[in-house]
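Trainee: I would like a close look at how one part of this chain is held within the rest of it. Please begin with a pair of side chains, and then follow the strands and helices outwards from there.

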Amino acid sequence: MRLRSLLTSALVGLAAVGFAAGVQTGEARAQSVQWNMQSTYPGSLTQLGTLGKWIQAELTKVSGGEMVLEFQEPGAIVPALEVFDAVASGAVEAGWSTPGYWAGKVPALQLFGSVPFGPNAGEYLAWYYFGGGKALFEEIYHAQGIHSVICGVIAPEASGWFKKEINSVDDLRGLKMRFFGLGAKVMEKMGVSTQLLAGGDIFPALELGTIDATEFSMPAIDLNLGFYQVAKHYYFPGWHQQATLFDLMMNKDAWDGLTETQQAQIEAVCGAAITHGLAEGEAIQFKALQDLKDKGVIIHRWPPETLAALETAWGEVVEEQKQNADFARVWDSLSTFRENYKTWKELGYLN
């Protein structure tokens with residue numbers, strides 16, 4: 001009996017030592033995380049903002065309340081288009097946005113946001129996860145002090161709201177237009193004066209005549225922003241954004257300070273957000289289109305000759321942007337993948 005008692009005491013002691021060691025490693029009892037997540041989009045904005053709020057709620061659930069990303073409305077800590085610098089400097093731990101907004105800082109990041117005449121969502125994600133895109137994405141962001149995870153994708157956008165009908169490419173010349181990403185450079189080739197405005201700033205600019213036209217997103221999102229009240233001509237297809245990726249940017253030091261489990265929880269939630277966002281986006285567009293028609297919106301489809309002119313201009317933009325070494329590397333990776341993917345696309349899918 002005495003021997004059994006001694007053995008029991010020894011085992012309890014060893015267990016206690018092992019538990020203490022586990023706590024000290026930081027993996028057994030990870031520190032809870034409460035970060036600010038500065039958003040580029042208002043939380044009430046269909047998909048773009050609501051997906052950010054969804055990510056916040058899902059991460060809290062998945063982590064059992066141990067990881068909280070506090071969604072911050074645009075301007076709550078920094079303005080919408082200053083999120084990149086805030087995350088890089090550590091002023092906020094995380095940011096919810098799209099890589100396409102940061103063209104002025106890192107031109108190559110535009111190719112991880114959306115690509116004119118580019119891939120649809122499936123092909124885009126295939127390149128990102130299995131064609132070399134992810135490694136390039138992380139390398140480029142890490143050089144800026146940011147670790148980022150792709151955390152959403154939406155299907156094609158509309159290509160613009162115009163106050164006057166556009167009957168030829170000549171009608172574009174001289175217009176002032178809000179435009180996003182690489183598509184803006186294409187429009188500039190067409191004689192359009194472009195500027196990048198955050199979502200909440202577009203309607204006032206359109207209403208006051210500061211701009212003559214705008215593009216922003218999909219019908220369900222554009223409906224939410226009320227552009228139909230001042231512009232009635234709505235054009236498709238969204239040649240400039242056949243798919244758009246969104247990301248959760250995190251300060252690199254903050255990310256490195258997480259445990260492997262915490263990092264995996266973020267990646268798992270972002271994977272779920274990709275599915276959620278794409279499925280939701282595809283499901284809500286047809287009703288939005290009908291609502292817009294009921295409000296007097298005239299829906300147009302660009303004629304083939306206009307799309308051909310835009311695609312020619314896009315080729316010129318690519319050659320100019322390739323002067324940047326990182327842009328050239330990413331473009332070569334994406335282009336090679338797409339060329340190879342054609343073999344499968346042309347056989348496997350209906351045209």
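**From an aromatic pair to two sheets**

Mentor: Trp161 and Phe227 are both buried, and they make a convenient starting point, although you should keep in mind throughout that this is a predicted model. A search of the whole structure finds 24 aromatic pairs. One of them is formed by Trp161 and Phe227, whose rings meet edge-to-face, with 6.2 Å from centre to centre and 65° between the planes. This pair links distant parts of the chain, since Trp161 belongs to strand 5 (residues 160-162) while Phe227 sits in the loop between helix 8 (219-225) and strand 9 (233-236), 66 residues apart.

Strand 5 and strand 9 lead us to the sheet they help to build, an open one of six strands in the order 7-6-8-5-9-11, with mixed pairing. Its edges are strand 7 (193-195) and strand 11 (298-301), and each of these has a single partner strand, so one side of each is left without a neighbour in the sheet. At the strand 7 end, strand 6 (residues 176-178) pairs with strand 7 in the parallel sense over three bridges, and Met177 is found opposite Thr194 of strand 7.

Helix 6 (residues 181-189) has Gly181, Leu182, Gly183, Ala184, Val186 and Met187 among its residues, and these six are buried. Strand 6 and strand 7 are part of what covers the buried residues of helix 6, and helix 12 (304-321) and helix 13 (325-348) are included as well. After helix 6 comes Gly191, which has a positive phi near 90°.

Now turn to the other sheet. Here five strands form an open sheet in the order 2-1-3-10-4, again with mixed pairing. Strand 2 and strand 4 are the edge strands, each with a single partner strand, so that one side of each has no neighbour in the sheet. From one strand to the next, the twist averages 25°. At one end of the order, strand 4 and strand 10 (residues 244-251) run antiparallel and are joined by eight bridges, with Met249 of strand 10 serving as the bridge partner of Ser148.

Two helices pack on this sheet. Helix 2 touches strand 1, strand 2, strand 3 and strand 4, and its direction makes about 160° with that of strand 2. Helix 10 touches strand 1, strand 2, strand 4 and strand 10, and its direction makes about 25° with that of strand 4.

Within this sheet, strand 1 (residues 33-39) deserves patience. Five of its seven residues are buried, so strand 1 is largely enclosed by the rest of the structure. With strand 2 (residues 67-72) it pairs in the parallel sense over six bridges, and Val33 has Met67 as its bridge partner there. To get from strand 1 to strand 2 the chain passes through helix 2, and this β-α-β crossover is right-handed. Strand 1 also runs parallel to strand 3 (residues 94-97), the two being joined by three bridges, and Gln38 stands opposite Gly95 of strand 3.

Helix 2 (residues 50-62) includes Val62, a residue that is partly exposed, with a relative accessible area of 44%. Leaving aside residues up to four places away in sequence, Val62 touches Gln265 and Val269. Val62 and Val269 are 207 residues apart along the chain, yet their C-alpha atoms are separated by 7.8 Å.

The last link to follow is a covalent one, for a disulfide is a covalent bond between the sulfur atoms of two cysteines. A search of the whole structure finds one disulfide, formed by Cys151 and Cys270 with their sulfur atoms 2.1 Å apart. The angle about its S-S bond is -85°, which makes the link left-handed. Cys151 lies in strand 4 (residues 146-154) and Cys270 in helix 10 (residues 260-283), so the pair ties together parts that are 119 residues apart in sequence. Both Cys151 and Cys270 are buried. If you set this beside the packing of the helices, you will see that strand 4 and helix 10 are in contact and are also tied by the disulfide.

Key
Residues numbered from 1 in each chain as written. Predicted model: local features only at pLDDT ≥ 70, side-chain atom pairs only at ≥ 80, totals over all residues. Heavy atoms only, no water. Pairing = 2+ DSSP bridges. Helix = DSSP H or I, 4+ residues; strand = E, 2+ residues; numbered from the N terminus. Disulfide = S-S within 2.5 Å. Buried < 20%, exposed > 50% of the residue type's maximum accessible area, 1.4 Å probe, protein only. Contact = heavy atoms within 4.5 Å. Right-handed = clockwise from strand over helix to strand, strands pointing away. Phe/Tyr/Trp six-rings, centres within 6.5 Å; stacked < 30°, edge-to-face > 60°. Axes fitted to C-alpha atoms, helices over the stretch in contact; angles between N-to-C directions.
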